[in-house]
Amino acid sequence: MSDSLVASWLAELNLYDCIQRFQYEGIDAEALSGLDDEQLKELGVSRMGDRTKLRAKATGFSMSGQHARAMPQSDARENEALRALQRMASPPPQARRAAAYQRQTIDDLAAKIAATNFVLEGGPMEKYTQAGRGKPHKKFFKMLPDKRLCYDTTSVGPLREVLDGCGDVVREFHEVPDQVAQRSFRVVTEAGAQVPLIAPSVRDKEMWMEGIEILITGGYKRPGGAHDPLMARAGPNPAVGG
């Protein structure tokens, strides 16, 4: 059965997640030899090397004439082949969990590296003056390795935490549109002073918050909460000038 053969090729390349899709679409060795890169991508084969290897196997199979001899000789042999295929297509739950955890760990590490580089390189943002009472002005910001936020010739910090939203002081003195509020966040110094900021986009805000958090905590996020922990610790908002 050439579809079973295709499944075994997928298993050899650790493409277990693709087996059911190939079977559902009826992709046997003959059909596989005629698929192009885009079609294989749609079937879940994302890496070019895997696509090349699969097509090479399918082409070699067709040219060798094995397709004509691939019919099972007995029901017992066919059943055994199917059982072997099922074992290959369904790795143990522990192995699946380990593979999923490894992929997630790699993705998380890549995201942390990207966010850290982003804040160290810096970029433009708007900063409310007078700790949120004054109007926002555009400046170029970047984080320093010593947990300080630098802009122009000024640095603020060391920072203690980063909070989402523009904060109560900004809302008291300004009418904040939703699209601005979505791009707003605050950094808090170890002395308890807040610096309200507006990022150019929601994505930029997320990168700034993630990168600052990593530099403050060494890579470990604090548990999230619905309340603002600053209010419980710092009392009234101290001012950060300019």
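Modeller: Two residues are in contact when they have heavy atoms within 4.5 Å. This model is predicted. By that cut-off, and leaving aside its neighbours within four places in sequence, Phe-173 is in contact with Gly-132 and Arg-133.

Colleague: Where is Phe-173 found, and how far is its C-alpha atom from that of Gly-134?

Modeller: Phe-173 is found in helix H8, residues 168–173. Its C-alpha atom is separated by 7.9 Å from that of Gly-134, and these two residues are 39 apart along the chain.

Colleague: Does Phe-173 count as buried, exposed or partly exposed, and what makes it so?

Modeller: The relative accessibility of Phe-173 is 43%. Buried means under 20% and exposed over 50%. The value of 43% falls in between, so Phe-173 counts as partly exposed.

Colleague: Why is Arg-51 called buried?

Modeller: Arg-51 has a relative accessibility of 3%, and the cut-off for buried is under 20%. Arg-51 therefore counts as buried. Arg-51 lies in helix H5, residues 48–64.

Colleague: What makes the pair of Arg-51 and Asp-37 a polar contact?

Modeller: A polar contact needs N or O atoms within 3.5 Å, one able to donate a hydrogen and the other to accept it. The side chains of Arg-51 and Asp-37 are joined at 3.2 Å, so the pair qualifies. Asp-37 is also among the residues in contact with Arg-51 beyond four places in sequence; the others are Leu-40, Lys-41, Val-45 and Ser-46.

Colleague: How do you know that the buried residues of H2 line one face of the helix?

Modeller: The buried residues of H2, which spans residues 16–24, are Cys-18, Ile-19 and Phe-22. Seen down the helix axis, they fall within an arc of 115 degrees, so they line one face. An α-helix has 3.6 residues a turn, so residues three or four places apart point the same way.

Colleague: Which exposed residues does H2 carry on the face turned away from its buried side?

Modeller: That face of H2 carries Asp-17, Gln-20 and Tyr-24. Just after H2, Gly-26 takes a positive phi of about 70 degrees.

Colleague: Why is Asn-14 called exposed?

Modeller: Asn-14 has a relative accessible area of 58%, and exposed means over 50%. Asn-14 is therefore exposed. Its place is the loop between helix H1 (2–12) and H2. Its phi is near 60 degrees, a positive value in a residue other than glycine.

Colleague: Which loop holds Asp-152, and what is its phi?

Modeller: Asp-152 is found in the loop between strand E3 (149–151) and E4. Its phi is near 50 degrees, again positive in a residue other than glycine.

Colleague: What is the omega of the peptide bond that joins Gly-157 and Pro-158?

Modeller: Omega is about 5 degrees, and the bond is cis. Pro-158 sits in the loop between strand E4 (154–156) and strand E5 (159–164).

Colleague: What makes E1 and E7 a pair of strands?

Modeller: Pairing requires at least two bridges. Two bridges join E1 to E7 (residues 194–198), so the requirement is met, and the strands run antiparallel. Lys-127 stands opposite Leu-197, and Glu-126 has Ile-198 as its bridge partner.

Colleague: How many bridges link E1 with E2, and E6 with E7?

Modeller: E1 (residues 123–128) and E2 (residues 136–143) pair over six bridges in the antiparallel sense; one partnership is that of Tyr-128 with Pro-136. Five bridges join E6 (residues 184–189) to E7, also antiparallel, and Ser-184 has Ile-198 as its partner in E7. E6 and E7 form a hairpin with four residues between them, where Gly-192 in the turn has a positive phi of about 100 degrees.

Colleague: How do you know that both faces of E7 are covered?

Modeller: Gln-194, Pro-196 and Ile-198 on one side are buried, as are Val-195 and Leu-197 on the other. In a regular strand the side chains alternate between the two faces of the sheet. Five of the five residues of E7 are buried.

Colleague: How confident is the predictor, and where does pLDDT stay under 50?

Modeller: The chain averages a pLDDT of 77, and 75% of the residues score at least 70. Over residues 66–74 the pLDDT is below 50, and this stretch has nine contacts beyond near neighbours in sequence. Residues 220–240 also stay under 50, with 39 contacts in the model beyond four places in sequence.

Notes. Residues are numbered from 1 along each chain as its sequence is written. This is a predicted model: local features need pLDDT of at least 70, side-chain atom pairs count only at pLDDT 80 or more; totals for chains, interfaces and linings use all residues. Side-chain values use heavy atoms; hydrogens and water are left out. pLDDT is the predictor's confidence in each residue, from 0 to 100. Buried means under 20% relative accessible area, exposed over 50%, partly exposed in between (1.4 Å probe, protein chains only). The arc is that of the directions from the helix axis to the C-beta atoms.
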